[in-house]
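Reader: I am new to this structure and would be grateful for a close look at its salt bridges. Which side chains take part, how exposed are they, and what lies around them?

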Amino acid sequence: MTLAVGEKMREFAGRTPGGRIVDIRVDEVQLLALTQQLGQFGGQLGVVVSRALNKVAASARAEIVRRVSREVNLRPKQLRDHNVRLFPANRRTWLAQIQIRGRRIPLIAFAARQTRRGVSYAIRRGQRRTIEHAFINVGKTDKQPNVLLRVGEPRISRRAAERTDRRAGRVKGMGFLTRPRYPIFIRYGPSVPQVVADIAELSAGVYDRKLAERLGMELDRQVGVLLEQKGRAARGGEEQ
């Protein structure tokens, strides 16, 4: 059997455009073939389809998480909880969906550490790099550490300038009491959808074919399991 697997690119609000959605479903030809195979047990079609879809979707999600965590320094639990979400099929909704989403990840998450030259980090395992002059600091509001870097031209914020003007008005000849500073920006690594897009074996075309083969085999297996269960139940009833 073959699989109709839809790979769609959507933009998630507040996230990096291009979050990937993998829809796993059966088509009408497959449903007709399954109905013929089940025969008098056609009422169990929803059970067979939903079980097969969820089995393939769970395996695909585990594979994506494992492959991404092998590629970059991210924990599998973090990926499962926040970035690679599974929405299973049920007996009424014959669609299993995997959503791969998320904003760009702060660089602090990639084993960042302060050095004399700046901040070193490792997005890819075994490939440590350094951002010169960067530093790690804890935010005043969220209390979370981040990798920061001063970039651009020195400037004074409007609030600081107003405060300096007030002080200068009281203290003649002092001029500006606030030094111009470089703007500070948080440094980010890639998003999970970007990491997945760079992995060849998870590309849409290649992964479509792999999931198609898995679903075909799993549908056949689920039909066999159901027919065997019904046959065993029938033989048990005759013996009694």
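**Salt bridges and their surroundings**

Author: Arg117 is exposed, with a relative accessible area of 52%. This value, like every other one here, comes from a predicted model. Arg117 is called exposed because its 52% lies over the cut-off of 50%. The partner of Arg117 is Glu132, and the closest N and O atoms of this salt bridge are 2.9 Å apart. The pair links distant parts of the chain, 15 residues apart: Arg117 belongs to the loop between strand S5 (113-114) and S6, whereas Glu132 belongs to strand S7 (residues 129-132). Glu132 has a relative accessibility of 43% and counts as partly exposed.

In the whole structure, a search finds 10 salt bridges. Another of them is formed within a helix. Glu218 and Arg221 make a salt bridge whose closest N and O atoms are 2.9 Å apart. Both residues lie in helix H6, three residues apart, or about one turn of the helix. An α-helix has 3.6 residues a turn, so residues three or four places apart point the same way. As for exposure, Glu218 counts as buried at 11% relative accessibility, whereas Arg221 is partly exposed with a relative accessible area of 42%. Some salt bridges share partners, and these join Arg67, Glu71, Arg124, Asp198 and Glu201 into one network.

A further salt bridge brings together the side chains of Asp23 and Arg25, at 3.7 Å from N to O. Asp23 has a relative accessible area of 2% and is buried; Arg25 is partly exposed at 35%. Asp23 is called buried because its 2% falls under the cut-off of 20%.

Arg25 also leads towards the nonpolar interior, through Leu53. Apart from neighbours within four places in sequence, Leu53 is in contact with Arg25, and also with Ile24, Val26, Ala89, Trp94, Leu95, Ala96 and Leu215. Leu53, Ile24 and Leu215, together with Ile64 and Val68, are the residues with the most contacts inside the largest nonpolar core, which has 47 residues. Among the elements that give two or more residues to this core are strand S2 (19-25), H1, helix H2 (45-71) and helix H6 (204-239). H2 gives the most, with 11 residues.

Helix H2 also carries an acidic residue, Glu63. At 15% relative accessibility, Glu63 counts as buried. Leaving out residues up to four places away in sequence, Glu63 touches Tyr207, Lys210 and Arg214.

Helix H1, another contributor to the core, completes the surroundings. Within H1 (residues 28-38), Gln30, Leu31, Leu34 and Leu38 are buried. These four cover an arc of only 100° around the axis, which puts them on the same side of H1. The other side of the helix holds Glu28, Val29, Leu32 and Gln36, which are exposed. A charged residue is also found at the start of H1, where a side-chain oxygen of Asp27 reaches to within 3.3 Å of the backbone nitrogen of Val29. After H1 comes Gly39, with a positive phi near 60°.

Definitions and conventions:
Residues numbered from 1 in each chain as written. Predicted model: local features only at pLDDT ≥ 70, side-chain atom pairs only at ≥ 80, totals over all residues. Heavy atoms only, no water. Buried < 20%, exposed > 50% of the residue type's maximum accessible area, 1.4 Å probe, protein only. Arc of directions from axis to C-beta. Polar contact = N/O pair within 3.5 Å; in protein donor to acceptor, adjacent residues only side chain to side chain. Core = buried A, V, L, I, M, F, W, Y, C linked by side-chain atoms within 4.5 Å. Contact = heavy atoms within 4.5 Å. Salt bridge = Lys/Arg side-chain N within 4 Å of Asp/Glu carboxyl O.
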